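Please open the model in a viewer and keep the sequence panel beside it. The tour proceeds by selection, one stop after another.

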Amino acid sequence: LQSLPEDKMRFGAIANNFVFNYLDYLLWCRDKGSKDEVVQQFEFTFRSSVEHFYPQHPMDGHPVLPDEELHCFGNLCLISHSKNSRLSNFQPKSKLEHFAANIDKKQIDSLKLYAMINLLKKNQEWGKSEIDAHEKEMCDVLLAVSKHSNQPEAV
């Protein structure tokens with residue numbers, strides 16, 4: 001496996017949300033030794049709703065992203081259906097503010113979402129370059145498993 005099938009890693013084409021849960025597991029395995037308490041205290045919970053971090057229907061006159069950016073894996077994560085309903089049209093910085101209280105309590109819905117939030121904080125922006133960088137990092141995590149015979153350490 002040299003690369004992931006990009007056409008299958010897009011909103012509407014992802015056949016099973018398991019890929020998000022598996023990625024969270026791989027991120028947890030990769031980062032559990034870090035001093036980051038959010039990662040250390042991460043708990044896997046049921047999440048079934050695919051969230052566009054940059055919204056499909058932005059409010060307040062914000063621009064609509066082209067579909068190739070909007071629906072790509074780098075702009076998607078899993079959260080609960082209720083949170084997705086509440087946050088769906090908010091800008092990434094507003095979503096960051098919403099999740100800040102949970103992060104202060106060392107909680108997050110998804111480690112992929114946490115990586116997105118951290119990149120947004122670092123760059124003060126969530127646009128094409130951040131989406132592309134995040135997608136590349138996440139795909140590299142997924143591909144690393146197939147390149148090595150050592151699977152992630154069991155819990």
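The stops below run from the whole chain to individual helices, strands, loops and side chains.

**Conventions**

This is a predicted model, in which local features need pLDDT of at least 70 and side-chain atom pairs count only at pLDDT 80 or more, while totals for chains, interfaces and linings use all residues. Residues are numbered from 1 along each chain as its sequence is written, and side-chain values use heavy atoms, with hydrogens and water left out.

**Whole chain**

Select the chain and colour it by secondary structure: seven helices and two strands appear. Helices (H or I, at least four residues) and strands (E, at least two) are DSSP runs, numbered from the N terminus. Along the sequence, their order is α-α-β-α-β-α-α-α-α. Of the 155 residues, 45% are buried; buried means under 20% relative accessible area, exposed over 50%, and partly exposed in between (1.4 Å probe, protein chains only). Among contacts with a separation of 6 or more, 73% are between residues 24 or more positions apart, where contact means heavy atoms within 4.5 Å.

**Helix α1 and its link to Arg 47**

Next, select residues 18–31, which form helix α1. The 14 residues should span 20 Å at 1.5 Å a residue, and the end C-alpha atoms are indeed 20 Å apart; the expected span is 1.5 Å times one less than the number of residues. Buried residues of α1 include Phe 20, Leu 23, Asp 24 and Trp 28.

Show the side chains of Asp 24 and Arg 47, which form a salt bridge at 2.7 Å, N to O. Because Asp 24 belongs to α1 and Arg 47 to the loop between α2 (37–40) and β1, the pair ties together parts 23 residues apart in sequence. A salt bridge here is a side-chain nitrogen of Lys or Arg within 4 Å of a carboxyl oxygen of Asp or Glu. Both Asp 24 and Arg 47 are buried, and the structure holds seven salt bridges.

**The strand pair**

Select β1 (residues 49–52) together with β2: the two strands pair in the antiparallel sense over four bridges. Pairing requires that DSSP find at least two bridges between the strands. Ser 49 is located opposite Ile 79 of β2. Which residues cover the two faces of β2 (residues 76–79)? Leu 76 and Leu 78 lie on one side, with Cys 77 and Ile 79 on the other, and all are buried.

**Lys 83 and Asp 109**

Move to Lys 83 and Asp 109, whose side chains form a salt bridge at 2.8 Å, N to O. This pair links distant parts of the chain, 26 residues apart: Lys 83 sits in helix α4 (residues 81–87) and Asp 109 in the loop between α5 and α6. Lys 83 and Asp 109 are both buried.

**Helix α6 and its flanking residues**

In the loop between α5 (92–104) and α6, select Lys 106. Lys 106 has a positive phi of about 65° although it is not a glycine. Most residues other than glycine have a negative phi.

Continue to Ser 110, which caps the N-terminal end of α6 through a side-chain oxygen 3.1 Å from the backbone nitrogen of Lys 112. Helix α6 covers residues 111–123, and its buried residues include Leu 111, Tyr 114, Met 116 and Leu 120. Gln 124 follows α6, with a positive phi near 60°; this residue is partly exposed, with a relative accessible area of 48%.

**Helix α7**

Finish with helix α7 (residues 128–147), and select Glu 130 within it. Which side chain of opposite charge is nearest to Glu 130? Lys 122 is, at 9.0 Å, and the buried Glu 130 has no salt bridge; Lys and Arg count as positive and Asp and Glu as negative, with His and the chain ends not counted. The Glu 130 side chain does make a polar contact with that of Asn 123 at 3.2 Å. A polar contact is a pair of N or O atoms within 3.5 Å; within protein, one must be able to donate a hydrogen and the other to accept it, and residues adjacent in sequence count only if both atoms are side-chain atoms.

Also in α7 is Cys 139, buried at 13% relative accessibility. Measure from its C-alpha to that of Gly 74: the two are 8.9 Å apart in space and 65 residues apart in sequence.
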